[in-house]
Amino acid sequence: MNQDQPIERGTRNEHEMLTGAERLSVEDLRRALEQRDQALALSRQNLQMAERVIDASQEGIIITDPSGVIEYVNPAFCQVTGYSAEEAIGRTPALLSSGRHDAVFYRQMWHELDTHGYWRGEIWNRRKGGALYLERLTITAIGDDDGKVTHYAALFTDITLIRENEERVRRLAYYDPLTRLPNRRLLEDRLALAIRHAHRQQQGLAVIFIDLDHFKQVNDTLGHAVGDELLLQVAERLQERLREDDTLARLGGDEFLALLPELHDVEEVTRVARRLIEAIGQPFAVGDHSFRVGCSLGISLYPADGTSADALVRSADTAMYRAKREGRNTYRLFRAEMNDHDSRLLALESALRDTVESGEGLAVHYQPLVNRDSGEVEGAEALVRWHHPAFGDVSPGVFVPMAERSGLIIPLGRWVMEEVAGQLRQWRQAGLNPPRVAINLSASQFWQRDLVEQIRRLFARFALPPGQIGFELTESVLLDRQQEAVAVLEALRELGCRLAIDDFGTGYSSLSYLQDLPLTTLKVDRRFVQRLTGDEGERRGSAAIVAAVTGLAQELGLRVVAEGVETEAQLEALSRYPVTLIQGYLTGRPVDAETFAECYLQQG
Ligand code: C2E
Ligand code: CA
Ligand code: CA
């Protein structure tokens, strides 16, 4: 800054003032000059003071020219960034860039500066040594009297530590320090969130209250260190048995709580509960000690057992106490009738397991598929039957889904295939010329890695001609993995198998994807067939669907089966559509093998 200039100008003013001497005395002039000198001294003092403040400031300060080239940095800048003034001056603040912010971020920052002359925010930068730090930054544009920007001044504070402390405080507030699991507070937050989600999506969710049995004994006899280690191991085992989206929390002491979102079925949660009990029932080893503890579980379900986080936790707690009272190392559902339902299901499942192992009580029934025009039996569907000495006849509508959920469907399905293959061989050996038989395949059966190989071997072992056995699949089996499905279907087609889409119209019913699949048959679900003779509204909707589906199937060269035809009226209603085969009580109920042979098979 040139300090002589104003004085020079002042001298010239002196002249001007002297020529107008009639208005200003010399005395006035002297006073004016004195005032000016004082003002100058003051501003110089102010400047020095400002410089000292800037130098001593705890905040880092950068001053750049309008193009962003650094002209000045203060010592705090050097301390935080690790760069000396010499290293920084002449460069731009990009020197500190962490790479953590994208171009949009900086563009917005400049936009703010241009329009408001001011920007404040948090920004990640990098120290000379490479370490990242978070700073709270204020940038001000400094303009001259005409409003033109002459400098930018940036003030920043390193808030990395503050943020880390906040994070630590947050962890203390929301997580259990021993197990690092969410604590009650965080759990309640998440539960409230999950409830809102479940409400929107019309889904269920479950809360499992978990309380260790005899934990106090371990703590009292072996000490708190062992108790703590035990809790850690318990937390780990529980976590391993839960699904990825489930939340496990520690409420305190030996109480844990699991939150299971997106629940479709009570069985899903009781299955998890049994897994947890099994896991905690295994012996624990802590130091030299080896011991067993058990746990009691209480389950509550949204929305039936509570619609708030609080209510659900309370219901689960109540159910847990019932589990403790009724023998420990077990679980209870909040509602008593659910327990009855659950124990019946459990008993049924265990009976099914025994049945599938021995094959005793299982049978396959056969239902004819009849050609609509010729009346000839062109095929049969194999339908599994289960008779249990205590439960009586159990509907496949009950035990097939149960087998699917428990994994029993694989051995059950294998049993069905062998049974059907054996039956076909026997009929063939007796010269009975059986028709093709279709077997239902569930998703997990279809996706067995060796399915095609299994079937190839089955054909060979029972000396069946190609295509003697075919399969029925629902759309949902194929939908997600269409590409892979095509490969399996094609391999089955090479074995001569007929492949039908079952229950068509009940699932996604995507007509367009059908044409990409190597299928032979489409089965229109019996609901549509039955609605064809229902009331006016039903009739119209159903007729439109049947017309579209059968029309498309015909175009794709698929045979169409109408399922569940029970009456002449239904058969009559179907006469308008290109249906090839009829399957239903009208043309033949599912019957055992012997009856089937008697009624539908002929010598030769
Ligand atoms: P699905 O594949 O739709 O089988 C046809 C069902 O319709 C059978 O019920 C059959 O008895 C019934 N049905 C046949 N004609 C009529 C009729 O005119 N009216 C009425 N109302 N119903 C008729 P089912 O035998 O109870 O089988 C139920 C389901 O269980 C089957 O439905 C199938 O999805 C499954 N299933 C049966 N056997 C097996 C099997 O061996 N393996 C697999 N994975 N699933 C099977
Ligand atoms: Ca079927
Ligand atoms: Ca069906």
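## Surroundings of ligand 1

Ligand 1 is surrounded by 23 residues, each with a heavy atom within 4 Å of the ligand. The closest are Gln367, Arg385, Arg526, Glu566 and Tyr585. The model is predicted: local features need pLDDT of at least 70, side-chain atom pairs count only at pLDDT 80 or more, and totals for chains, interfaces and linings use all residues. Residues are numbered from 1 along each chain as its sequence is written, chains are lettered from A and ligands numbered from 1 in the order in which they are written, and side-chain values use heavy atoms, with hydrogens and water left out.

The shell around ligand 1 consists of 9 nonpolar, 7 polar and 7 charged residues. In this division, Ala, Val, Leu, Ile, Met, Phe, Trp, Tyr, Cys and Pro count as nonpolar, Asp, Glu, Lys and Arg as charged, and the others, Gly among them, as polar. At least two shell residues come from each of β14 (377–388), α13 (396–406), α14 (409–429), β18 (499–504) and α20 (526–531); helices (H or I, at least four residues) and strands (E, at least two) are DSSP runs, numbered from the N terminus. β14 supplies the largest share, 4 residues.

## Polar contacts and cover

Polar contacts are pairs of N or O atoms within 3.5 Å. An oxygen atom of ligand 1 lies 2.9 Å from a polar side-chain atom of arginine 385. Nitrogen atoms of the ligand are also involved: one is 3.0 Å from a polar side-chain atom of serine 442, and one is 3.1 Å from a polar backbone atom of valine 384. Of the 800 Å² of accessible area that ligand 1 has on its own, the protein covers 84% (Shrake-Rupley method, 1.4 Å probe).

## Domains and backbone

The protein chain is divided into domain 1 (1–56), domain 2 (57–163), domain 3 (179–334) and domain 4 (348–600), with bounds from an automatic or database domain assignment. The centres of domain 1 and domain 4, taken over C-alpha atoms, are 105 Å apart.

The peptide bond from tyrosine 302 to proline 303 is cis, with omega near 5°. Proline 303 is in the loop between β11 (294–302) and α11 (309–325). Arginine 328, in the loop between α11 and β12 (331–333), has a positive phi, near 60°.

Methods. Polar contact = N/O pair within 3.5 Å; in protein donor to acceptor, adjacent residues only side chain to side chain.
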